[in-house]
Amino acid sequence: MNDDLKGILKKIEGNTTRTNTPTPSSFESHLKPDLAGDPNCPHCHGLGYIRMDFPPGHAEFGKVQICVCRRGEVAQHTRRRLYAISRLDELKDLTFDNFEPRGRVGLPARQADSLESAYNQARQYAMKVDDWLLLEGGYGSGKTHLAAAIANFVVGVGLPTIFITVPDLLDALRYTYSSPEESFEERFEEIRQAPLLILDDFGTQNATEWAQEKLFQILNHRYINHLPLVITTNLSLDQIEGRIRSRLSDPELVTRLRILAPDFRRPTEDSSQHELSALHLLRDKNFANFELREGEGLTKQDTTALKKAFEAARKYAEKPKGWLVFTGSHGSGKTHLAAAIANYAQDMGRIPVFVTVPDLLDHLRATFNPNSPVSYDRRFEDVRNSELLILDDLGTQSATPWAREKLYQLFTHRYNAQLPTVITTSDVFDQIDPPILSRMRDARMSANYPIGAPAYTGKKK
């Protein structure tokens, strides 16, 4: 070591205190008066901070620490700041005590069960505040109430929490660029390091590159450091940016809860799924009144095919898995079997969607009307992620580029996600796009039952 360097180090060491006594710094000179320490404190003598005794070169050299005399005050100040960022005062009335665990009276059992399960899981989470909780569901399903109830509970026991909608979070960050009182780095660090962060309405933000990058940085930091996080969203995972989706898909860190309950603000309607489902028109179609058409003079081959389709439909109704495709001419019985599956599922507490393909496309187009009570995204999401989808009369729709694109997206999603789907179509396949047809014919996913019988007349021969 040369003499000049030794001299510099000796000078630094001479100016460095060897005791836990405070020394002025540019950071300390900007301390707010109301955050000063106890003037009688033997450690900081009222400054509120102490500089620890570390030699030059140490990682903590030159840093200050909060004195014990004001740690409680700092924690309280932190809680106040985070609460102000959160705007939780607007949601202080949303608690576990005033949440209806099974929803409104008359809610179908499967929807009520999903709501009650989410309620129980949210309460358990509030007790331990560990890992991540993802609440998925449509508008008005109760997910924001549960997230706010978690926040109000943990704030009540003294844990600093940020509860904020994602658009508001991004606005809060943008505001710091023009704020003379607070820097972007300060606000950003406060959010990503919050002891508990609750992000409401994830996916409703303006998806600019800047917004996506900030959200990823926040979530990635919390993911790496295993910091508690609660997210509510009405999107499916495949609609979320890839990097964030991969972290939300980690089963070791994330508990996913899907709430099937409808919008509580619209009590006269079960859900937007029921709005588009035509099953109420076919409630009389069941397995008990399905005619196997014995005595009609069907060929042996047609009779055998009809019986096979009937048995396949009954088994599928008891345990929907994969795809079931019925082909046949008009009046052959394929729609009756498809409706019987849907009615059986509904009687068992499931939420099937039964819709003809032309009607489905009309329902999607209707959402583009400014007066539509439901958005396109929500309607399409309800269809493509429905627990049981029955598509009647595939191939009779108008084959516009838009219609073909929507059907391709729908079939591809349900194929990749292996969601139970029943399809009826005629014997003529030239109206079905090859990519969709190839999925319908994939024996690993789909069971095909052709019904060669002519139209049912009810007359015996």
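Two helices count as roughly perpendicular when the angle between them falls from 65 to 115 degrees. That range is a handy place to start with this predicted model, since helix α5 (residues 166-175) and helix α7 (residues 209-224) have axes that cross at roughly 100°. The pair is therefore roughly perpendicular, and the two axes come within 11 Å. On the α5 side, the contact is formed by V166, L169, L170, L173 and R174, which meet W210, A211, K214, L215 and I218 of α7. Sorted by class, the residues of this contact comprise 8 nonpolar and 2 charged, with no polar ones.

A second helix pair is worth a look alongside it. Helix α12 (residues 357-366) and helix α14 (residues 401-417) have axes that cross at roughly 105° and come within 11 Å. With that angle inside the range of 65 to 115 degrees, α12 is roughly perpendicular to α14. Here V357, L360, L361, L364 and R365 of α12 pack their contact against W402, A403, K406, L407 and L410 of α14. The class breakdown for α12 with α14 reads 8 nonpolar, no polar and 2 charged residues.

Stepping back to the whole fold, the protein chain contains 15 helices and 12 strands. Of its 461 residues, 46% are buried. Among contacts with a separation of 6 or more, 76% join residues 24 or more positions apart.

R293 offers a good example at the level of a single residue. This arginine sits in the loop between α9 (272-276) and α10 (300-318). Its relative accessibility is 4%, and because buried means under 20%, R293 counts as buried. Leaving aside residues up to four places away in sequence, R293 touches L298, L306, G331, S332, A453, P454, A455 and Y456. One of these partners, Y456, is 163 residues away from R293 in sequence, yet their C-alpha atoms are 8.0 Å apart.

R441 provides a counterpart at the surface. This residue is placed in the loop between α15 (434-440) and β12 (446-451). With a relative accessibility of 51%, R441 counts as exposed, given that the class begins over 50%. R441 and V325 are 116 residues apart along the chain, while 8.9 Å separates their C-alpha atoms.

Two residues deserve a friendly flag for their backbone angles. H226, found in the loop between α7 and β6 (229-233), has a phi near 50°, a positive value in a residue other than glycine. D393 likewise is not a glycine, and its phi is positive at about 60°. Unlike the loop position of H226, the place of D393 is within strand β10 (residues 388-394). D393 has a relative accessible area of 28% and is therefore partly exposed.

Finally, the interior includes 1 cavity of 30 Å³ or more. The volume of the largest cavity is about 60 Å³. Its lining is made up of L394, Q397, A399, R404, L407, Q431, I432, D433 and I436. By class, the lining of the largest cavity has 5 nonpolar, 2 polar and 2 charged residues. L407 links two parts of this account, as it lines the largest cavity and also belongs to the α14 side of the contact with α12. L394, another lining residue, falls within the span of strand β10 (residues 388-394), where D393 is also placed.

Note on methods. Residues numbered from 1 in each chain as written. Predicted model: local features only at pLDDT ≥ 70, side-chain atom pairs only at ≥ 80, totals over all residues. Heavy atoms only, no water. 1 Å grid on protein atoms, 1.4 Å probe; cavity = no way out; pocket = protein on both sides within 12 Å on 5 of 7 lines; lining within 4 Å. Points joined across faces, edges and corners; volume = space filled by probe spheres on them. Nonpolar A, V, L, I, M, F, W, Y, C, P; charged D, E, K, R; others polar. Helix = DSSP H or I, 4+ residues; strand = E, 2+ residues; numbered from the N terminus. Buried < 20%, exposed > 50% of the residue type's maximum accessible area, 1.4 Å probe, protein only. Axes fitted to C-alpha atoms, helices over the stretch in contact; angles between N-to-C directions. Parallel < 35°, antiparallel > 145°, perpendicular 65-115°, else oblique. Contact = heavy atoms within 4.5 Å.
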